[in-house]
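User: I would like to learn how to read burial, helix geometry and cysteine pairing from a set of coordinates. Could you take me through these features step by step?

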Amino acid sequence: MADFLSFVGKTVIVTGSTRGIGLATATMLARSGARVIISSRKAEACDIVCAQLRAEGLQAEAIPAHAGQ
């Protein structure tokens with residue numbers, strides 16, 4: 001991947017990152033070197049995504065949260 005997309009040494013939080021665009025974004029950032037914080041309402045879904053990313057050797061942590069009202 002191009003150097004301008006390097007996130008090595010960075011930590012990013014992606015809300016809604018257990019499916020759809022959020023999951024694709026979190027995966028891309030992790031593959032670009034970021035430590036990714038997976039966040040969604042459902043703790044189990046966060047844990048599943050983290051396990052998938054870690055299985056690829058990527059850095060991921062789960063922090064379930066509800067950011068709504």
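**Cysteines and a helix face**

Analyst: Let us begin with Cys 50, which counts as buried because its relative accessible area is 2%, and keep in mind throughout that this is a predicted model.

User: What is the relative accessible area of Cys 46?

Analyst: Cys 46 has a relative accessible area of 0% and is therefore buried.

User: How many disulfides does a search of the whole structure find?

Analyst: A disulfide is a covalent bond joining the sulfur atoms of two cysteines. In this model, the search of the whole structure returns 0 disulfides. Cys 46 takes part in none, the nearest cysteine sulfur being that of Cys 50, 6.8 Å away. Seen from Cys 50, the closest cysteine sulfur is in Cys 46, and a separation of 6.8 Å is too far for a bond, given that a disulfide requires sulfur atoms within 2.5 Å.

User: Which residues of H2 are buried, and where do they lie around the axis?

Analyst: One lists the buried residues of a helix and then looks at their directions from its axis. For H2 the buried residues are Cys 46, Val 49, Cys 50 and Leu 53. Because they cover an arc of only 100 degrees around the axis, they lie on the same side of H2. The face turned away from that buried side carries the exposed residues Glu 44 and Ala 55, whereas the buried residues pack against H1, E2 and strand E3 (60–62).

User: What span should the 13 residues of helix H2 have, and how far apart are its end C-alpha atoms?

Analyst: The idea is to compare an expected rise with the distance between the two ends. Helix H2 (residues 43–55) should span 18 Å at 1.5 Å a residue, and this agrees with its end C-alpha atoms, which are 18 Å apart. After H2 comes Gly 57, whose phi is positive, near 85 degrees.

User: Which residues does Ala 26 touch beyond four places away in sequence?

Analyst: Contacts of this kind show what a residue meets outside its own sequence neighbourhood. Ala 26, found in helix H1 (residues 20–31), touches Val 14, Ser 17, Val 36 and Ile 38 when residues up to four places away are not counted. Ala 26 is buried, because its relative accessible area is 0%. Its C-alpha is 9.2 Å from that of Leu 53, although the two are 27 residues apart in sequence.

User: Is Ser 39, in strand E2 (residues 35–39), buried or exposed?

Analyst: Ser 39 counts as buried because its relative accessibility is 9%, under the 20% cut-off. With residues up to four places away again left out, its contacts include Val 14, Ser 17, Cys 46 and Ile 63.

Terms used. Residues are numbered from 1 along each chain as its sequence is written. This is a predicted model: local features need pLDDT of at least 70, side-chain atom pairs count only at pLDDT 80 or more; totals for chains, interfaces and linings use all residues. Side-chain values use heavy atoms; hydrogens and water are left out. Helices (H or I, at least four residues) and strands (E, at least two) are DSSP runs, numbered from the N terminus. Buried means under 20% relative accessible area, exposed over 50%, partly exposed in between (1.4 Å probe, protein chains only). Contact means heavy atoms within 4.5 Å. The expected span of a helix is 1.5 Å times one less than its number of residues. The arc is that of the directions from the helix axis to the C-beta atoms.
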